[in-house]
Amino acid sequence: MSSPDRFLLAGVMGWPVMHSRSPTLHNYLFTRYGLAGAYVPLAIRPADLEAALRALAPLGFSGCNVTIPHKERALAIVDAVDPVARRIGAVSCVVVQPDGTLAGTNNDAFGFVQNVLQQQPAWRADAGPIVVIGAGGGARAVVYSMAERGARAIRMVNRTFARAETLAREFGSPVTAIAWEERHRALDGAAMLVNTTSQGMTGQPPLNLAIETLPLSALVCDIVYVPLETPLLAAARRRGNPTVDGLGMLLHQVRPAWKAWFGIDPDVTPELRAAVEATL
Ligand SMILES: NC(=O)c1ccc[n+]([C@@H]2O[C@H](COP(=O)([O-])OP(=O)(O)OC[C@H]3O[C@@H](n4cnc5c(N)ncnc54)[C@H](OP(=O)(O)O)[C@@H]3O)[C@@H](O)[C@H]2O)c1
């Protein structure tokens with residue numbers, strides 16, 4: 001843990017263009033807690049990731065977040081990986097230890113679940129089948145968190161079927177891989193739908209998914225948060241499904257990150273959300 005009487009430093013490593021709102025979020029917290037510190041965006045080429053991570057300690061960083069495309073590679077670079085990051089297969093947060101070594105963890109799953117619970121307190125993972133669209137890094141965290149919470153059936157749909165199969169094999173029961181062509185039918189009787197693809201993000205086409213067969217009681221979540229209301233969430237809201245946007249997933253990740261970096265457990269308040277929302 002860093003001492004609060006010194007300048008505190010953390011950042012996010014991504015490449016090449018980062019749409020991350022993490023700097024806004026973390027710098028808001030430095031101000032809220034009256035701490036001398038900064039959180040900086042660091043555009044790091046994939047080939048330079050190891051050197052950049054190794055530079056954290058000598059430069060005085062307490063740690064950093066890792067985003068697209070570095071999350072899986074970071075796992076192989078850090079000195080210690082906790083069981084959550086190991087199971088998910090990706091590191092989203094790096095903590096510089098007192099001896100300068102690097103510990104890797106993954107706070108995406110924690111952020112996803114805490115966000116759903118904050119917006120839908122009665123939600124349960126075992127309420128019925130969960131459809132997860134996408135099989136990338138975000139999907140791995142979502143599937144991990146749903147399985148941990150007792151999900152009994154997770155229908156994993158991905159454009160590239162082999163990736164869905166790999167994930168189903170790794171996580172075992174309750175995950176079943178479903179072909180992309182079957183995605184509309186996969187919604188039959190579902191209690192929850194989660195988009196973890198980049199589709200619907202600003203600059204990308206909407207997710208190509210017809211939700212007519214989705215029960216009206218099903219909770220619809222998107223982990224994309226730019227825009228806040230993706231075309232999928234807008235369509236779900238219009239027909240009456242409860243929805244959860246992706247911003248809270250990012251917000252809730254600050255709690256374990258700040259605890260590990262600075263020994264502080266910040267509240268995820270409406271003011272914090274509003275500060276980040278104002279930049280979207
Ligand atoms: N809210 C948060 O805190 C949070 C956290 C993590 C990620 N995210 C967001 O989640 C999104 C995905 O991130 P990620 O790290 O999981 O990315 P990723 O590992 O690159 O995975 C991308 C996924 O999107 C799918 N995809 C891409 N283009 C597609 C298309 N045209 N049609 C259908 N599927 C397509 C890919 O399918 P293939 O396998 O077929 O390529 C893959 O399943 C990003 O927008 C990211 O910003 C948000």
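Let me start in a loop, the one between β11, residues 219–222, and α8, residues 231–239, where you will find P227. I should say straight away that what we are looking at is a predicted model, so please keep that in mind throughout. The peptide bond that leads from V226 into P227 is cis, and its omega angle is near 5°.

There is another cis bond to point out, which runs from W15 to P16 and has an omega near -10°. As for where P16 is placed, look at the loop that joins β1, residues 8–14, to α1.

Staying with α1 for a moment, I would like to turn to the aromatic rings. How many aromatic pairs does the count come to? The count comes to six. One of them is formed by F30 and F262, whose ring centres are 5.5 Å apart and whose planes make an angle of 55°, which puts the pair in the tilted class. F30 belongs to helix α1, residues 22–32, while F262 belongs to helix α10, residues 254–262, and so this pair ties together parts of the chain that are 232 residues apart in sequence.

Now to the ligand, which sits in the largest pocket. Around the ligand there are 25 residues, and the closest of these are G138, N158, R159, T160 and R163. If you sort the shell by residue type, you get nine nonpolar residues, 13 polar ones and three charged ones. Two helices that each give at least two residues to this shell are α6, residues 137–148, and α9, residues 247–252.

Which atoms of the protein does the ligand approach with its own oxygen and nitrogen atoms? An oxygen of the ligand lies 2.8 Å from an N or O atom in the side chain of R163, and an oxygen of the ligand also lies 2.9 Å from a polar backbone atom of A135. On the nitrogen side, a ligand nitrogen is 3.0 Å from a polar backbone atom of G246. Taken on its own, the ligand has 920 Å² of accessible area, and the protein covers 83% of that.

Technical notes:
Residues are numbered from 1 along each chain as its sequence is written. This is a predicted model: local features need pLDDT of at least 70, side-chain atom pairs count only at pLDDT 80 or more; totals for chains, interfaces and linings use all residues. Side-chain values use heavy atoms; hydrogens and water are left out. A residue is near a molecule or strand if one of its heavy atoms lies within 4 Å of it. A polar contact is a pair of N or O atoms within 3.5 Å; within protein, one must be able to donate a hydrogen and the other to accept it, and residues adjacent in sequence count only if both atoms are side-chain atoms. Accessible areas come from the Shrake-Rupley method with a 1.4 Å probe; for residues, only the protein chains shown count as cover. On a 1 Å grid over the protein atoms alone, a cavity is a set of points where a 1.4 Å probe fits but cannot get out, and a pocket is an open set with protein on both sides within 12 Å along at least five of seven lines; lining residues have an atom within 4 Å of a point. A molecule sits in a cavity or pocket if more than half of its atoms lie within 2 Å of its grid points. Helices (H or I, at least four residues) and strands (E, at least two) are DSSP runs, numbered from the N terminus. Ala, Val, Leu, Ile, Met, Phe, Trp, Tyr, Cys and Pro count as nonpolar, Asp, Glu, Lys and Arg as charged, and the others, Gly among them, as polar. Rings of Phe, Tyr and Trp (its six-membered ring) pair if their centres lie within 6.5 Å; planes under 30 degrees apart count as stacked, over 60 as edge-to-face and the rest as tilted.
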